[in-house]
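This report goes through the fold of each chain, the domain arrangement and the nonpolar core. The sequence and structure come first.

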Amino acid sequence: MGLGAEAIFGDSVVTTKLDKAVNWARSYSMWPMVFGTACCGIEFMSVAAARYDLSRFGAEVVRFSPRQADLMIVAGTISFKQAPVLKKIYDQMCEPKWVISMGACACSGGFYDNYTTVQGIDTIIPVDEYIAGCPPRPEAVLDAIMRIQEKSQDESIIKDRLKNFKGYLDA
Amino acid sequence: MLKPDMIIDPSKLRETVLTLKNKDQFTLLLDITAVDYLKYPIKSDHRFALIYILRDASFKKTVTIKTFVDNNSLTVDSLSDIFYAANWAERETYDQYGIIFKNHPNLKRVLNHHEFVGHPLRKDYAITHYQPCKETESLMDEMTPLLESKGYNAKEQDELMLINIGPSHPASHGTIRNFMALEGETIKACVTEIGYLHRGFEKSCENHTYSQIIPYTDRLNYCSAILNNIGYCKTIEEMLGLEITPRAQFIRVIIGELSRIIDHIVCNAANMVDLGGLTNFWFIFSARDKAYDLLSKLTGARLTNSYTRIGGLEYDLYDGFAGDLEDVLKAVERGIDDALSLVEHNRIFHDRTQDVGVITKEFALSAGITGVNLRAAGVNYDIRKANPYYFYDSFDFDVVLGSHGDVYDRIMCKFEEMRQSMRIIRQAMKNLPSGEINVIAPDVLLPKKEDVYGNIEGLMNQFKLTFEGIKVPQGEFYSATEAANGELGFFVVSDGSGTPYKVKCRPPCFYALGAYSKIVEGDMLADAVITMASMNFIAGEFDR
């Protein structure tokens, strides 16, 4: 027995909050923008291929156009030369958007502690989920996508997302 | 043994190289690099020396030329008009060491960004001296002169459409940036910019012991990590004068050829996705995942295996390996057959790929292109045949050659090379010798764990090798193997300590990419995409 509309129409309707319905739809249709630069990009190909099958999580529509995507997966080392490109592409994505930092290099520079490598992409853009590994196994990537799905449940369409992040490229 | 073949005066450089090229048929320039002797134990009057590595037309002989550079002017004549390959090689040497090449057409940085100050491979440049980059360069400084040289005046240049393909673009397969001037859909001029994945491989090598470098080599060509491991370890073993056991050599052949298969799978699958055929990708990638299962069972990692050790291997084959391997090979065979059944007699596929992205023999050699790209152009050069190592001369396999050097030839050569690799693997498995996988050399390989915990000699041995590293005799040495992309060479300078003084990797696709802009000029934009995919550019390798 339900209340309100459900009391009158029975099982043919479900009442819910708009936020909940939007979040539900959004979290099961993440469109990833793969910023694949290196080895992790190759592992991401495995994640998308038949064995690990990203489409089980509704995230198989890989877009290379940032304006069509809401989940950025930074897969690979980011060099200082690449950093402005990463920043620009992140800025081109529409809110709400999430970022997964895949692999040791993207998270912290990995074992490339040298003159050319950014020591973690969170010095440039905000990161929601980190995946350890060099490169991470495909299961770890799926796990991170599931965690993003959980996080996206807290979104609201009437509230703006907090934007207090400042990276070294934000003047 | 660990010495250059010739030491010449810089003023005689052009003359010597021209004689070698025209008289002795040294037609392939493999690599140019420099050495900074600032901190070398043997003092020399000159701080920098340049190294030129050439190979002759029979592909059997290599010559290493060394020339010391004048300390004040740091200037040497450019060879870019003699070899097309010298263009990017000299740019890299300028970028990393600050050597100036006189009469070079476009001497600017190639790996580091345009706001970079200094030259990172100089010995007085600290490894952690980070230099952030604020903005990507426009590349108009290269595009405008290029268009002018093709006869476009300012007004005509305005009518061309300038477009960036990359550095983040699905067709760029990584991080290549191609800046193109289009007339309609035809490419009139193309400028390639790389360095977006420059991760300082060579500087990192100078700060780690010889064994610690093995994981770095994994990440050069990450589609076939083991072939890089083999190339590097083989070079160091040759410097040490160490012959690894027959069993280790056979296992290196088996796992190396399996890596070559995986590399070709990735390249061909991605190429056919770019052609619009996603089904092929699923077909051959399922075989690749089977191969990765095998590799993770054997080495502990799917992609970055670090399987070889200097003097041998990390593990011996596990029980039941032969059966697993045969399953993988059957899956690969099936994947190839399935994928080929979709494209082999497919008119659209033929029309899209035949006579597209043609590389001629002469240009390929001048540009230093090796591997499948060169063989597809009809040049019979495979190090496994020309300079056999690891019993390759005892295996029965064919070098696969193309006839046109177009995209079609490159795809089909890769498919056929996968079949040839399987032939090698099956022969090697049949004749796999028993015995140890590691040589007995306490100064190279770590002792057994029971010795480390059981006696003081073992403990000391472990301690000294871990902290000081393998002591490689002083000198300099170049050695090459046939990697998935072509000739993968390592030029190593040792100062006698446990850390290399310098490691220069000769990445095969660096030279192929240097030639790419010339290959696609005049083609259609859509053809440039599949040409790029067919040449198998791996960012980790050309950017290092």
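The text below takes the chains in turn, then a domain contact, then the core.

The model is predicted. Chain A has six helices and four strands, and their order along the sequence is α-α-β-α-β-α-β-α-β-α. Chain B has 20 helices and 14 strands. The radius of gyration of chain B is 23 Å, close to the 24 Å that the globule rule gives for 544 residues, so chain B is as compact as a globular protein of that length.

The table sets out like values for the two chains.

| Chain | Extent of C-alpha atoms along principal axes | Buried residues | Contacts joining residues at least 24 apart, among those at least 6 apart in sequence |
|---|---|---|---|
| A | about 70 × 40 × 25 Å | 42% of 171 residues | 78% |
| B | roughly 80 × 65 × 50 Å | 51% of 544 residues | 70% |

**Domains of chain B**

Chain B is divided into three parts: domain 1 covers 6-102, domain 2 combines 139-196 with 510-544, and domain 3 covers 201-506. Taken over C-alpha atoms, the centres of domain 1 and domain 3 of chain B are 28 Å apart. In the contact between these two domains, domain 1 of chain B contributes 18 residues and domain 3 of chain B contributes 18 residues.

Which elements give two or more residues to the side of domain 1 of chain B that touches domain 3 of chain B? They are three strands of chain B, namely S2 (28-36), S3 (48-55) and S4 (62-68). S2(B) supplies the largest share of that side, with six residues. By residue type, the side of domain 1 of chain B that touches domain 3 of chain B holds twelve nonpolar, four polar and two charged residues.

**Nonpolar core**

In soluble globular proteins, nonpolar side chains tend to be buried together. The largest nonpolar core in this model has 212 residues. Leu71(A), Met72(A), Ile73(A), Val74(A) and Leu86(A) have the most contacts inside this core. Helix H8 of chain B, residues 246-274, provides the largest share of the core, 15 residues.

What does Ile73(A) touch, leaving aside residues up to four places away in sequence? The residues touched by Ile73(A) are Pro32(A), Val34(A), Phe35(A), Phe44(A), Ile100(A) and Met102(A).

Conventions:
Residues numbered from 1 in each chain as written. Chains lettered and ligands numbered in written order. Domains from an automatic or database assignment. Contact = placed C-beta atoms within 7 Å. Nonpolar A, V, L, I, M, F, W, Y, C, P; charged D, E, K, R; others polar. Rg over C-alpha atoms; globule rule 2.2 N^0.38 Å. Buried ≥ 20, exposed ≤ 12 C-beta atoms within 10 Å, placed from the backbone. Core = buried A, V, L, I, M, F, W, Y, C linked by C-beta atoms within 7 Å.
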